[in-house]
Amino acid sequence: MSIPVVDLARYDQQLAAKRERITQQFQRFGPPALEVFPSPPSHYRQRCEFRLWHEGDDLYYAMFEVDRDDPKHKRVIRLDDYPVASRRINELMPRLREVLLENDVLRRRLFQVEFLTTLSGEALVTLIYHRPLDGAWEEAARWLQQHLDIFVIGRSRKQRLVLERDHVWERLEVEGRTFHYQQVENSFTQPNAEINRAMLAWVRDVTRGSQAGDLVELYCGNGNFTVALAENFRHVLATEISRTSVASAQQNLAANAIDNAVVGRMSAEEFSAALKGEKGGRRVTEMTLEAYDFSTVLVDPPRAGLDEASCRQLSEYSRVVYISCNPDTLERNLETLSRTHRVARFALFDQFPWTHHCECGVLLERKDA
């Protein structure tokens, strides 16, 4: 990997380069003007993981950088701070290191530290070891939890010790509304909270006025978009394959008092088969698909994008909202979707400044609608 170098004076320049690249890459689809949403140029990542590197009596946070001349060789990069990480993570990094230097019970055979934080300052720290964790570790970890005002989880092979909570609660202000999200340790959440707010506002905007129809959402994760979009539709049916994410999404619907959305555990491929009547079973029956009138589908797939069968299924909807973390697979999927749909809105979200990665949002509307 390449460790991002933060140069605040160059932020506009790097964002302009991304704007130009995305504009050129998707020009043949005839999109409207690209909507660009900048990130805070520093302290934007709410979750990070570091190796904990031991050198004699010293220890420090580390990442690895691949040598361009020798890809098999990785250089250890010492990190005393990390400007892309949230201010809360940067505040905790030296304080945690100081404790570890003085406490052999907590530092012994510790090899990785993971931080999960929120805009309001909640922090969960996972300490990962190459040794079993015992009562002495738990006693020391409970003191650490109180000392740093954090939640602590300990992990080792076949062990996961949750001292108090395995999650934090994020609160996001969007269009005058406050949305509450449970974010669980070792489960996917949007890393850039400010860009996530921008994405939530954008999907709400492009689907406004849809109360007469229903929304189906694929790859819903912890209900990030489900929660924010529920009031724009009559009903929402969201699907996700991860048990942890489904449970968290259901918690988030309850926390936000949303009663017109349901989350089902099913892969996108299984759901497509169910819609075509090619898959039955208890989970399909419980979804009562016949009760819905889907006017819009939202997809937020992994980096691999959608397979051809899923793209063909999406082509049957009047409106498609596609959130993509990989412009290359988005481009490939638009080759199929553009046969039936036109690009009505197109957005670039700078989720990961100082890297080549881009997050895109596309609103597609059927040409014959």
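This report covers annotated binding-site residues and one further loop residue in a predicted model.

Residues count from 1 along each chain as its sequence is written. Local features need pLDDT of at least 70, side-chain atom pairs count only at pLDDT 80 or more, totals for chains, interfaces and linings use all residues, and side-chain values use heavy atoms, without hydrogens and water.

**Binding site**

The unreviewed UniProt entry places a "binding site" at Gln190, Tyr219, Asn224, Glu240 and Asp300. From this set, Gln190 belongs to the lining of the largest cavity. A cavity is a set of points on a 1 Å grid over the protein atoms alone where a 1.4 Å probe fits but cannot get out; lining residues have an atom within 4 Å of a point. UniProt annotations may be inferred rather than shown by experiment.

**Three loop residues**

Helices (at least four residues) and strands (at least two) are DSSP runs, numbered from the N terminus. Buried means under 20% relative accessible area, exposed over 50%, and partly exposed in between (1.4 Å probe, protein chains only).

| Residue | Loop between | Relative accessibility |
|---|---|---|
| Tyr219 | E11 (214-218) and H6 (224-229) | 21%, partly exposed |
| Asp300 | E14 (294-299) and H10 (308-314) | 14%, buried |
| Asn232 | H6 and E12 (236-240) | 4%, buried |

**Contacts**

Contact means heavy atoms within 4.5 Å. Neighbours within four places in sequence are left aside for Asp300. Asp300 then contacts Gln190, Leu218, Tyr219, Phe225 and Ile323. Beyond four places in sequence, Tyr219 touches residues including Glu240, Asp300 and Pro301. Asn232, with the neighbours within four places left aside, contacts Arg204, Thr207, Arg208, Ser210 and Gln211.

Technical notes
On a 1 Å grid over the protein atoms alone, a cavity is a set of points where a 1.4 Å probe fits but cannot get out, and a pocket is an open set with protein on both sides within 12 Å along at least five of seven lines; lining residues have an atom within 4 Å of a point.
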